[in-house]
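Open the structure in your viewer and keep the selection tool at hand. The stops below go from one whole chain to single pairs of residues, and then to the contact between chains.

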Amino acid sequence: MDHALQGTPLGVTSRPWTGRVEDRRLLTGTGTYVADLAPPGCLEVAFVRSPVAHAVLDGVVIDRARTLPGVRAVLTAADLGDVCDVPVTLGPTPPSFRPLATDRVRYRGEPVAIVLADDRYRADDAAARVDLALTPLPGIPTPAASLEGPPLYGDQENPGVGNTALEKEFGPPVEDGTWERAAVVVGASFRQQLLAPTSLEARAILVAPQDDRLHVWCSHQHPHGLKQGLAKALGVAAADVRVVVPDAGGAFGAKSPTFAEYLVVAHAARLLGVPVRWVEDRTEALHAATRGRGQDQRIRLAADADGKILAIDLQVDADIGAHPLGSGIPLQTGLQASGPYAVPEVHARVRAILTTTAPTFAYRGAGRPEAAYAIERGVDLLARELNIDPVELRRRNLITTFPYDTPTGRRYDSADHLAALDKALELLDLPRWRAEQARRRDDPQAWPLGVGLACYVERSGGEPGILVEYGSVEVRADGTVVARVGTSSTGQSHETVFAELVADVLGIDPARVRLVEADTDEVPEGNGSFASRSAQMGGAALHEAATALVEEARARAAERWTADLDAVTWREGCLEADGRAPLEVGELAPLRVEHRFTSPAAFPYGCYAAVVEVDPELGDVQVLRLVAVDDYGSVLDETVTRGQTLGSIVQGLGQALYEDVPLDADGAAVLPQGLLDYLLPTAAEVPPLALAETAVPAPDNPLGAKGAGEAGCIGVPPAIANAVVDALPGVDPAALQLPLTPETVWKAMQRPRERR
Amino acid sequence: VKPPPFGYLAPTTVDDAVAALHEAAGTGKVLAGGQSLLQDLRWRRVHPTVLVDIGGIDEVAGISVTAEEVRIGARVRHRDLEHPEAVAGPLGTLLARAAAHVAHPPVRSRGTVVGSLAWAHPASEWCGIAAGLGGRVELASRRGRRTVPVAEFLVGPGRTTCGVDELVTALLLPRLPDSVRVAFREQRRTHASFAQVAVAVAVEKDDDGTVTRADIGLSGAAPTAVRAETAGVELCGTCGGPDDRAHAAAVAARDDADPVAEPHAGVAYRRNLVDVLLRRVLEEVA
């Protein structure tokens, strides 16, 4: 395998790579996950879940379960007391829903009851003996069916609520005249399939009531959000809830809500007065956890004869599942509707639509991969229609001046798209592949080959409301430094990178710096880790706090010495002034400086390219080459960001070629063999890669940093899809939908493109 | 894995094992490698009162050869067949080609060949080869011992004619003379996923170049693994030229295959896979 990881070191850190602080623990099996925590007397949980997509719940009979040995309690919706409805994190609140189903189930996997037992085996034994009286109802599996169908939250519960949970428009509608005078107009429909985020560790929570407080350990991206969510829903003071995130095995966006299950576990712990733990298993994660993507898209683009894009109209009907947890996610798609291109008229309409499937929420990229896919496939359609080279068409339309305000309300901070495009073409060696493509087109025996590009821009840091992060740096008497930050690592190397960042500002050995995060008693506030915000927001907060600490230490030393501030210098953790013995900063303890960093969002961007060949008889797509050029602004740690790029690329490959949650006619997932049916790419599926970065510093960030981590999920699917379309000129591009499984490609080839 | 409660026995003789199955009166399950059983236990699709672990029974260990047949004991794991030398001649080549497609290495080091027959997954590589070559399955119970042709043993997805009190002790495959040419191909979506379709062939020609034997096994092409009898008959007596091969492949796809639709593997696509893969393997052995 040709992992030519080409690129220039860009890090502010110049020290040699010596591995991560967390590696020894995590790679020797001595990490501590929620599943490793078992306080004495802890009860284990199994949820009883709906086996069908949609039904009236006529009753729940727990008698056969409750009497099993080792079973301590079985609770249903009736036992939830004053527990509030599940907080909806993103988007408007109605319709709301109870943590356990009351009189109707709306997706396969919806929790109906909770069994608490001495061990998980007994809990599962008992869960199988809880009898649900269900009267099946027809399912509403897709947005299209939902728009035509009866209201999912109709009748007595919430009369009048339709199935569109949220509808929003971005930018003024494109003028009719624009479509009419354009040299070409292209349109296409694309399906963004449902994906299962599938982190190595699924969801997990342990709640222990102790000393009138709730102590919570949870595999979570946003511990302060969970603390607030639990406190509010349970009616307790936020100060009486402590949330700690121990080691966590990934999240990918799917671990930031206050899930229904978490409310039920916390309620049960309070009710019974004992620790209660729920560790989601793989089957639950596939059927009952939140999913990502799930959009039906319709895009139209207009361009003049020179290939200048005049207008984009994007219509998105997003499947948000039965519970509107993530109605806000598809709004990102609308906000991003023109991608990296300077387009005078851009309009998007986004509808978040309820269906009888598991809830859709954030998944790595969260709305931006969906936008980039529609745009990039649309741009290729334009290129084909105009007979302009897709590279050239992109050159003519990429934004070149910044800041840039889009018609849909984005302010792009900075970029050099042409540099990223050029770098990608250089790594790709495009002329060589075009020559090979031409050779194969003349050889009837040769498998067709195609090249695809995708330029993207995304957003990192978050949206207004979370564009603030807390950081503090404290020096202790022994000279060690404690850095606190409001982010929450689920595998992003914070212990290594943030300690180095603080150490670099202070000019000390990183071993002297200890990072504390993801403990709401230790860190007073925080917005967690999602939206690629940790380095950009948390890193900047720590940088500013550490910088301020140096100033504070100098001021205190000047005061102690009654010296001029200008005469006091900081050097490697010591304060110095002429005629004074150097003062170790530890002697100034207690010394602690806090900083709340706030800034606008940043906009990472880049260019991806893929070369594929297609087995014309089987429909197999082989990726021969994948090039990724990303710009994360200034990079804090090259190896760590490369890891983020690689991981997101593999997940992007998953969406492009392998992963899919197929639904039956009612909306229940058809995955009888679990991960033998939901196919995740493994190392064996990773094609030859070439990675590189450009680095335009973020103007609004003291580190120059933009978010890294979601890029591959955004760039890979359109690059591969465009390459497949390019390989098969006789095939209707509309038939080439994700995932591009062999059957999908083969079927498309059976139905040649209709010439107009 | 959170199985329902079960008992566990580890007999050391076939007699003890079948006595245990008899005793369990239909509620026992045989544990060999656990490749499929543990999955079904984990999903609580089976609720055996007792697992009869055959891992300590020497009578069902190993591979042995008679004049006519190769006997693959119930303890033989997939990985034991990964090397072509494990079984002499073209049969060893064919088995090794197929073994590389079974799950992935960690599973191959646990799962057993006979277990694959017993669980009768329609996409099982071993079932396809066994059906194609006209193999036999050896069964033991308190009632005695019997052998059953694979074609009569496999009756549907996950269904066989094995009695609830019976233990599959071995798979018997016909030895292939050196003049037989073999090939195997499989379509799967990732390196470790189930076959959508797999095709195994063993073809022999006489001195005149006429095909005298065409054993074709199909996995994933029907509710159970099958021998492509019609295609084999069509191919025999021809010289196995490109048109003959294409014809046989088309016949197999049309007449021998009876595909079941699954997500990303519909009926038409599966027939296409039979057609294309069979044409390609026949070209390999031409």
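A residue counts as buried here when its relative accessible area is under 20%. By that rule, buried residues make up 62% of the 756 residues in chain A. Bear in mind throughout that this is a predicted model.

**Stop 1: chain A as a whole.** Select chain A and show it as a cartoon. Its secondary structure comes to 18 helices and 29 strands. The C-alpha trace spans about 80 × 75 × 50 Å along its principal axes. A compact globule with 756 residues would have a radius of gyration near 27 Å, and chain A, at 27 Å, agrees with this. Of the contacts in chain A between residues at least 6 apart in sequence, 80% join residues at least 24 apart.

**Stop 2: salt bridges within chain A.** Over all chains, a search of the structure finds 66 salt bridges. Select A:Arg277 and A:Glu44, whose closest N and O atoms are 2.6 Å apart. A:Arg277 belongs to strand S13 and A:Glu44 to strand S2, so this salt bridge ties together parts that are 233 residues apart in sequence. Both residues are buried.

Next, select A:Arg203 and A:Glu261, a salt bridge with its closest N and O atoms 3.3 Å apart. A:Arg203 sits in the loop between strands S9 and S10, while A:Glu261 is in helix H7. The relative accessible area of A:Arg203 is 4%, and that of A:Glu261 is 3%, so each counts as buried.

For a third pair, select A:Asp422 and A:Arg395, with 2.9 Å between the closest N and O atoms. This salt bridge joins helix H12 to helix H11. Here A:Asp422 is partly exposed at 36%, and A:Arg395 is partly exposed at 30%.

**Stop 3: the contact with chain B.** Now show both chains. How many residues does each chain give to the contact? Chain A gives 31 residues and chain B gives 29. In chain A, A:Glu617, A:Leu618 and A:Glu743 lose the most area to chain B, together 23% of what that side buries. The area buried between the two chains is about 2600 Å², with carbon and sulfur atoms giving 53% of it.

Across this interface there are 5 salt bridges and 18 residue pairs in polar contact. Helix H3 of chain A gives the most to the side touching chain B, with 4 residues. That side divides into 15 nonpolar, 4 polar and 12 charged residues.

**Last stop: a link across the interface.** Select A:Asp281 and B:Lys2, which form a salt bridge with the closest N and O atoms 2.7 Å apart. Both belong to a network of salt bridges whose members also include A:Arg203 and A:Glu261.

Definitions and conventions: Residues numbered from 1 in each chain as written. Chains lettered and ligands numbered in written order. Predicted model: local features only at pLDDT ≥ 70, side-chain atom pairs only at ≥ 80, totals over all residues. Heavy atoms only, no water. Contact = heavy atoms within 4.5 Å. Buried area = accessible area lost by both parts, 1.4 Å probe. Salt bridge = Lys/Arg side-chain N within 4 Å of Asp/Glu carboxyl O. Polar contact = N/O pair within 3.5 Å; in protein donor to acceptor, adjacent residues only side chain to side chain. Helix = DSSP H or I, 4+ residues; strand = E, 2+ residues; numbered from the N terminus. Nonpolar A, V, L, I, M, F, W, Y, C, P; charged D, E, K, R; others polar. Rg over C-alpha atoms; globule rule 2.2 N^0.38 Å. Buried < 20%, exposed > 50% of the residue type's maximum accessible area, 1.4 Å probe, protein only.
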